[in-house]
Amino acid sequence: MSSLAVRGAFRDHERGPVSGVWSVGAPGVGSAAEYEWLFREEFPAVMRTVYLICHDRHRAQDITQDAFVQLLRHWDKVSRYERPGAWVRRVAIRLTMRAVRRDRLRSGLERDALPAELPGPVDIDVLRAIRALPRMQRAAVVLFYFEDRPVAEVADIMNCSNATARVHLHRARARLAELLGEEALEDVP
Amino acid sequence: MSLDRRLRDGLQRSSSVVDPDVPESLSIVRRKARRLVVRQRVGQVTFAALAVAALFLAGPRILDVVRSLRPVRPASPGPAVSTAIAGTYTTEVPAGSSVVRDNHLAGRWTMHLAPNGVVTVTAPPSFTGVLTGVSYQVAGSQLRIDLFLQDICGGAPPGAYQWRRAGDSLTFTVVNDSCAARVAVLTSGTWTSSG
């Protein structure tokens with residue numbers, strides 16, 4: 001299954017009613033087995049999103065683990081939510097934003113620098129261009145283009161209004177078009 | 001290629017370098033959560049221990065401060081009494097003097113001196129004054145009492161009397177009392193213990 005298909009499956013689970021969330025061969029609400037099931041489903045996707053915002057695999061792993069630690073601590077409550085996956089994703093994004101902000105405060109010189117060794121088939125130009133964006137725009141771009149979420153969900157995860165999310169995306173696209181030498185033909189709906 | 005397409009493809013390709021070891025990550029998350037819980041519990045126990053220690057060390061001082069904030073009772077008849085005089089006594093006040101007649105004091109009086117300094121007085125039916133809130137204080141052989149303080153002895157300080165008990169009998173001798181009605185009731189005759 002492709003990662004896109006997997007993400008689609010998550011989102012179907014997230015949108016479903018509480019009883020439907022755990023109906024796919026999963027035991028009753030709130031158990032350790034349910035947590036493990038959600039972990040296996042969501043951890044890789046959340047970590048990829050975090051990586052695309054912070055551009056550091058080790059840090060992405062730490063941040064994602066910390067988000068799931070929080071999920072485990074609040075599991076009794078969060079497991080009753082309609083979309084526990086969205087909850088942990090929101091926590092992970094928030095932790096990532098903090099980490100990016102700390103990095104930028106620590107050293108303005110590192111701002112535009114990518115790690116010396118980029119593993120695998122990364123699109124170095126796209127990553128560098130995204131890295132030049134402010135952190136809110138970064139997160140909006142990753143949620144919109146990578147996770148393929150509608151603006152309303154982007155806003156929900158980023159804890160801002162739809163209009164604000166739309167502004168972040170609009171500005172990010174304009175800047176990315178300039179950096180990548182592409183023409184921004186389409187616009188954010 | 002459009003910008004949107006390039007972003008989608010670029011992000012998708014770049015994300016493929018992230019392939020976490022999920023079971024290993026799960027065990028790490030569980031360990032971290034356990035450590036966090038232990039740290040929290042240690043923190044709570046430490047806080048509770050510090051709170052108890054602080055209360056133990058500062059408690060007496062806090063009590064002193066609280067006590068110092070309470071209003072101080074005036075040095076008048078109060079709860080410090082001698083149990084030697086506590087009991088119920090009765091006397092008959094004769095209608096001889098003008099102060100007795102004017103204040104309708106003649107008749108049988110009963111006085112219960114409680115160990116806590118409270119005096120309960122029962123007057124003859126002819127007396128219509130206030131008899132509540134009466135208290136007394138004993139220091140050695142001297143007794144101070146504020147009987148009639150709320151009406152016919154209003155404005156006068158509590159009266160001071162020498163008391164003497166012999167068997168069932170209790171007698172008062174005035175030491176200092178500017179209220180004639182009180183002197184008349186307390187010293188007109190001998191008080192007899194009735195319980």
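Let's start with one residue, Q65(A). Leaving aside its neighbours within four places in sequence, Q65(A) is in contact with F43(A) from its own chain and with S25(B), I28(B), V29(B) and K32(B) from chain B. Keep in mind as you look around that this is a predicted model. Q65(A) is found in helix 4 of chain A, which covers residues 57-73. With a relative accessible area of 3%, Q65(A) counts as buried, because buried means under 20%.

**Chain A as a whole**

Chain A has ten helices and zero strands. Buried residues make up 47% of its 189 residues. Among the contacts in chain A with a separation of 6 or more, 63% are between residues 24 or more positions apart.

R90(A) gives an example of parts of the chain meeting. R90(A) sits in helix 6 of chain A, residues 84-106. Not counting residues up to four places away in sequence, R90(A) touches D156(A) and I157(A). The C-alpha atoms of R90(A) and M158(A) are separated by 6.8 Å, while the two residues are 68 residues apart along the chain. R90(A) is partly exposed, with a relative accessible area of 24%.

**A bent helix**

Now find helix 3 of chain A, residues 32-54, which bends by about 40° at E42(A). A proline, P44(A), follows within four residues of that bend. Helix 3 of chain A is mostly covered, with 17 of its 23 residues buried. Just after this helix comes H55(A), which takes a positive phi of about 60°.

**Where the two chains meet**

How many residues does the contact take from each chain? It takes 45 residues from chain A and 29 residues from chain B. The area buried between the two chains is about 3,400 Å², and carbon and sulfur atoms give 64% of it. On the chain B side, L3(B), R6(B) and L11(B) lose the most area to chain A, together 20% of what that side buries.

One pair of helices is worth a look here. Helix 10 of chain A (residues 162-180) and helix 1 of chain B (residues 3-15) pack at an angle of about 85°, with their axes 11 Å apart. Angles of 65 to 115 degrees count as roughly perpendicular, so these two helices are roughly perpendicular to each other. Helix 10 of chain A brings R173(A), L176(A), A177(A) and L180(A) to the contact, and helix 1 of chain B brings L3(B), D4(B), R6(B) and L7(B). Sorted by class, this contact of helix 10 of chain A with helix 1 of chain B has five nonpolar, no polar and three charged residues.

**Positive phi in chain B**

Most residues other than glycine have a negative phi. The table shows two residues of chain B that have a positive value.

| Residue | Phi | Loop in chain B | Relative accessibility |
|---|---|---|---|
| H104(B) | near 55° | between helix 3 (98-102) and strand 2 (107-113) | 45% |
| F148(B) | near 65° | between strand 5 (142-145) and strand 6 (159-166) | 1% |

Is F148(B) buried or exposed? F148(B) is buried, with a relative accessible area of 1%. H104(B), at 45% relative accessibility, counts as partly exposed.

Notes. Residues are numbered from 1 along each chain as its sequence is written. Chains are lettered from A and ligands numbered from 1 in the order in which they are written. This is a predicted model: local features need pLDDT of at least 70, side-chain atom pairs count only at pLDDT 80 or more; totals for chains, interfaces and linings use all residues. Side-chain values use heavy atoms; hydrogens and water are left out. The bend at a residue is the angle between axes fitted to the seven residues ending there and the seven starting there. Buried means under 20% relative accessible area, exposed over 50%, partly exposed in between (1.4 Å probe, protein chains only). Axes are lines fitted to C-alpha atoms, for helices over the stretch in contact, and angles run from 0 to 180 degrees between N-to-C directions. Angles under 35 degrees count as roughly parallel, over 145 as roughly antiparallel, 65 to 115 as roughly perpendicular and the rest as oblique. Contact means heavy atoms within 4.5 Å. Ala, Val, Leu, Ile, Met, Phe, Trp, Tyr, Cys and Pro count as nonpolar, Asp, Glu, Lys and Arg as charged, and the others, Gly among them, as polar. Buried area is the accessible area (1.4 Å probe) that two parts lose on being put together, summed over both.
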